[in-house]
Amino acid sequence: PRDAGLEVRKAVNVHVHAILAALLRLGAAERLLEIVPLEFDEATRTVKNLWVVALVKENARHAGVGCFRRRVFPLEQALKRSVASFEAAEMEVLAQNMKIVWSQLWSMLPPFCIAPEDLEAEVGFVGECVRQLLKDCVGDSVGSVLRTAALRSLQNSCGKENMDSACKTAL
């Protein structure tokens, strides 16, 4: 009976995951991140609702860059500050853990850039994100992940055929 309860919870989780993924593919990223916000908890030094990152990264469509700016970027900024404070306090393990989460957040940007309706309004933000990521990740162990996220975001925003001119404009 105890194992049966676990099996039921696993089955429910699979179905909930499938429903949320379908909603994200239909453009519900803003609403999901409003209901289940990504937040940094200073007291526990953890990110709340981190499970949402992989789900959004794999399934978000039609979300728009503005959604990333409103729902993910504030956490990214908080994590960047926490990494700096952990490094200053010589808390290397915590700093490295936060860098990994930080890179996971940035890896969410490319899906938000797939045919966004708000690209014209947010093109400056995308360009600044790409520029900052390329600058921040030089020589860092998570640098290749961040560079890939930055360039894929730019590519998703502009389309492959416009990539060369978009890179020149953004950088």
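**Exercise 1. Classify the accessibility of E30 and identify its salt-bridge partner.**

Solution. E30 has a relative accessible area of 23% and is therefore partly exposed; buried means under 20% relative accessible area, exposed over 50%, and partly exposed in between (1.4 Å probe, protein chains only). The model is predicted: local features need pLDDT of at least 70, side-chain atom pairs count only at pLDDT 80 or more, and totals for chains, interfaces and linings use all residues. Residues are numbered from 1 along each chain as its sequence is written, and side-chain values use heavy atoms, with hydrogens and water left out.

A salt bridge is a side-chain nitrogen of Lys or Arg within 4 Å of a carboxyl oxygen of Asp or Glu. E30 forms one with R71, with the closest N and O atoms 2.9 Å apart. Because E30 lies in helix α2 (residues 29-35) and R71 in helix α4, the pair ties together parts that are 41 residues apart in sequence. Helices are DSSP runs (H or I, at least four residues), numbered from the N terminus. R71 is partly exposed, at 27%.

**Exercise 2. Determine which salt bridges involve E34, and place them in a network.**

Solution. The side chain of E34 meets that of R31 at 2.7 Å, N to O. E34 and R31 are three residues apart in helix α2, which means a separation of about one helical turn. Relative accessibility is 41% for E34 and 47% for R31, so E34 is partly exposed, as is R31.

E34 also meets R71 in a salt bridge, at 3.6 Å, N to O. R71 is in helix α4 and E34 in helix α2, so this pair joins parts 37 residues apart in sequence. Salt bridges link E30, R31, E34, R70 and R71 in a network.

**Exercise 3. Describe the ring pairs that F68 forms with W106 and F125.**

Solution. Rings of Phe, Tyr and Trp (its six-membered ring) pair if their centres lie within 6.5 Å; planes under 30 degrees apart count as stacked, over 60 as edge-to-face and the rest as tilted. By this rule there are five aromatic pairs. The centres of F68 and W106 are 5.5 Å apart and their planes are at 40°, so the pair is tilted. F68 belongs to helix α4 (residues 65-71) and W106 to helix α6 (residues 92-106), 38 residues apart. F68 is buried at 0% relative accessibility, and W106 is buried at 3%.

For F68 and F125, the centres are 6.5 Å apart and the planes at 50°, so this pair is tilted. F125 lies in helix α8 (residues 119-136) and F68 in helix α4, so the pair ties together parts 57 residues apart in sequence.

Note on methods:
Helices (H or I, at least four residues) and strands (E, at least two) are DSSP runs, numbered from the N terminus.
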